[in-house]
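Please look over the sequence and the model below before reading on. The paragraphs after them are meant to be read with the structure open.

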Amino acid sequence: NSVAESVDVLEVVRNRRSIRSYADRAVEDEALRRVLEGGRLAPSASNRQAWRFVVVTDPQRRQGLARAAAAQQFVAQAPVVLVACAEMREGQRFDLKSSLIDVTIAVTQMALQAVAEGLGTCWVTRFYEVQVKQILGIPDEVHVVQMLTIGYPSEEPMTQSRLPLEKIVRWETW
């Protein structure tokens with residue numbers, strides 16, 4: 001039984017939406033662990049695996065993160081906020097650009113696994129890093145890259161239009 005036969009990845013990708021309204025329902029531990037496992041299995045440059053994740057479920061901390069995210073209240077409403085970071089390692093040549101990309105790949109895989117679990121997510125890239133670090137006790141050498149809200153959707157957002165392949169793909173040359 002091949003992976004292609006058991007999972008329609010394109011269907012998961014097609015169903016991923018930015019969810020900004022969540023049901024008042026906790027995310028089960030096992031579903032959350034599978035989402036996190038999706039990130040753990042992501043590829044990274046030179047297999048550095050510089051990503052680190054802080055899982056936030058405490059309502060007061062989520063409220064603080066919402067304030068740090070320019071008062072985006074859906075951040076507080078989501079039952080889980082995943083804070084995705086890149087860890088700077090002392091004595092190791094650290095390529096920030098590669099690590100930011102690596103963290104983004106891991107978060108993408110987690111967002112897709114969340115869809116497979118029946119969960120919704122929303123990327124949060126507008127936030128004040130210093131405030132997020134203070135709220136969560138994140139050390140100076142760790143860079144907060146993004147946050148991902150996770151929970152059961154209480155909305156079904158409309159499908160966003162996408163350009164056809166013919167408009168975005170060039171073959172062999174520009």
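What follows goes from the sheet to the helices that pack on it, and then to a pocket and a salt bridge.

This is a predicted model, and a convenient place to begin is its open sheet, in which four strands are arranged in the order 1-2-4-3 with antiparallel pairing. Strand 1 (51-56) and strand 3 (120-124) stand at the edges of this sheet, and because each has a single partner strand, one side of each is left without a neighbour in the sheet. From one strand to the next, the twist averages 25°.

The pairing can be followed in more detail where strand 1 meets strand 2 (residues 80-87), since these two strands run antiparallel and are joined by six bridges. Within this pair, V56 stands opposite V81 in strand 2.

Which strands does helix 3 touch as it packs on the sheet? Helix 3 (residues 29-40) touches strand 1, strand 2 and strand 4 (142-151), and the direction of the helix makes about 165° with that of strand 1. Helix 7 (residues 129-136) also packs on the sheet, where it touches strand 1, strand 2 and strand 4, and its direction makes about 75° with that of strand 4.

The next feature to find is a pocket. Rolling a probe the size of a water molecule over the atoms shows where empty space is left. The largest pocket in this model has a volume of about 350 Å³, and 13 residues line it, with V13, R14, R16, R17 and R162 lying nearest its centre. Helix 2 (residues 9-15) supplies the largest share of that lining, namely three residues. By character, the lining of the largest pocket divides into five nonpolar, three polar and five charged residues.

R14, one of the residues nearest the centre of the largest pocket, leads on to the charged pairs. Side chains of opposite charge can pair when their charged atoms come close. The side chain of R14 meets that of E11 in a salt bridge, with a distance of 3.0 Å from N to O. Both R14 and E11 lie in helix 2, where they are three residues apart, about one turn of the helix. For the model, the count of salt bridges comes to six.

Key
Residues numbered from 1 in each chain as written. Predicted model: local features only at pLDDT ≥ 70, side-chain atom pairs only at ≥ 80, totals over all residues. Heavy atoms only, no water. Pairing = 2+ DSSP bridges. Axes fitted to C-alpha atoms, helices over the stretch in contact; angles between N-to-C directions. Contact = heavy atoms within 4.5 Å. 1 Å grid on protein atoms, 1.4 Å probe; cavity = no way out; pocket = protein on both sides within 12 Å on 5 of 7 lines; lining within 4 Å. Points joined across faces, edges and corners; volume = space filled by probe spheres on them. Nonpolar A, V, L, I, M, F, W, Y, C, P; charged D, E, K, R; others polar. Salt bridge = Lys/Arg side-chain N within 4 Å of Asp/Glu carboxyl O.
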